[in-house]
Amino acid sequence: MNPLWSYFWPLFALGLLLGGLAGSIWLRRKRRLALLVGAAVALAGSALWHGPVGAADRFAATVDRSAQRTLTDFEMSQIEAHLRRGPLSRRLILSGPADDFQRTELVRIMSATPGVSRATWSTGAGLPLLAEAALASASGFLLGLLLAYLVELHRRHNAQWKW
């Protein structure tokens, strides 16, 4: 399974569930506090998923193993590849002796590794994985709000008919 899928789908599903619940409470009872609490719980859930639950460590280990397997298949044993840490991001850092051709081709090949946003030989910063987790949770939350709004519109439209 793709490491991105296994990392991000629970966050999106949590945001979707909380967005639908908070949206239905907000639309039926007119309590804006439900939106704030729902959004806060979704963001806190993404932080818990990333850290204490250990999803970020599992993600990093899976991607690092896949990158090392690719390097082993190409018989590049002197090259090391690992995700940038501090904070953890999806940028793959390559290190070791290589000529110009190997450097450009390894960047191209390793960028295609599932879960990697970009491979590079420098230690530049990328978007932290925790920020991407919060974005996934927030997008699920917004979609949940939209679905709650559509369900409420349907309910109000059907309420006008008295058979």
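Select helix H4, residues 100-111. H4 lies across S1, S2 and S3 and runs at about 155° to S3. Axes here are lines fitted to C-alpha atoms, for helices over the stretch in contact, and angles run from 0 to 180 degrees between N-to-C directions. Helices (H or I, at least four residues) and strands (E, at least two) are DSSP runs, numbered from the N terminus.

**Ground rules**

This is a predicted model, in which local features need pLDDT of at least 70 and side-chain atom pairs count only at pLDDT 80 or more, while totals for chains, interfaces and linings use all residues. Residues are numbered from 1 along each chain as its sequence is written, and side-chain values use heavy atoms, with hydrogens and water left out.

Colour by pLDDT, the predictor's confidence in each residue, from 0 to 100. The protein chain averages 88, and 98% of the residues score at least 70. Among the elements, helix H2 (residues 33-50) has the highest mean, 92. Strand S3 (residues 118-120) has the lowest, 87.

**The sheet**

Now show the strands. The open sheet has three of them, in the order S1-S2-S3, with mixed pairing. S1 (80-83) and S3 stand at the edges with a single partner strand each, so one side of each has no neighbour in the sheet. The twist averages 25° from one strand to the next. Two strands count as paired if DSSP finds at least two bridges between them.

Zoom in on S1 and S2 (residues 91-95). They pair in the antiparallel sense over four bridges. Pick Leu 83: its bridge partner in S2 is Leu 92. Ala 81 stands opposite Leu 94. Glu 80 has Ser 95 as its bridge partner.

Next, S2 and S3. Here the pairing is parallel, over three bridges. Select Ile 93 and find its bridge partner in S3, Thr 120.

Turn on the side chains of S1. In a regular strand the side chains alternate between the two faces of the sheet. Ala 81 and Leu 83 point to one face and are buried. Glu 80 and His 82 point to the other and are not buried. Buried means under 20% relative accessible area, exposed over 50%, and partly exposed in between (1.4 Å probe, protein chains only). S2 is mostly covered, with four of its five residues buried.

**Helix H3**

Add helix H3 (55-73). H3 packs on the sheet, touching S1 and S2. Its direction makes about 160° with that of S1. Contact means heavy atoms within 4.5 Å.

Click Arg 65, which is placed in H3. Arg 65 counts as partly exposed, at 49% relative accessibility. Draw a distance from its C-alpha to that of Ala 119: the two are separated by 15 Å, and lie 54 residues apart along the chain.

**Helix H1**

Move to helix H1, residues 3-29. It has 27 residues and reaches 40 Å from its first C-alpha to its last, close to the 39 Å expected at 1.5 Å a residue. The expected span is 1.5 Å times one less than the number of residues.

Stop at Trp 9. H1 bends there by about 30°, and a proline, Pro 10, follows within four residues. The bend is the angle between axes fitted to the seven residues ending at a position and the seven starting there.

Select the buried residues of H1, including Tyr 7, Phe 8, Leu 11, Gly 15, Leu 18 and Leu 27. What covers the buried residues of H1 includes H2, H3 and H5. At the far end, H1 is followed by Lys 30, whose phi is positive, near 60°.

**Helix H5**

Finish on helix H5 (129-159). Its 31 residues should span 45 Å, and the end C-alpha atoms are 45 Å apart, which agrees. Its buried residues include Leu 129, Ala 133, Gly 140, Phe 141 and Leu 145. The buried residues of H5 pack against H1, H2 and H3.

Pick Ser 137 in H5. Buried or exposed? Ser 137 is buried, with a relative accessible area of 0%. Show what it touches: Leu 11, Gly 15, Ala 42, Leu 43 and Ser 46, not counting residues up to four places away in sequence.

Last stop: Glu 152, also in H5. Glu 152 is buried, at 4% relative accessible area. Leaving aside neighbours within four places in sequence, Glu 152 is in contact with Leu 27 and Arg 28.
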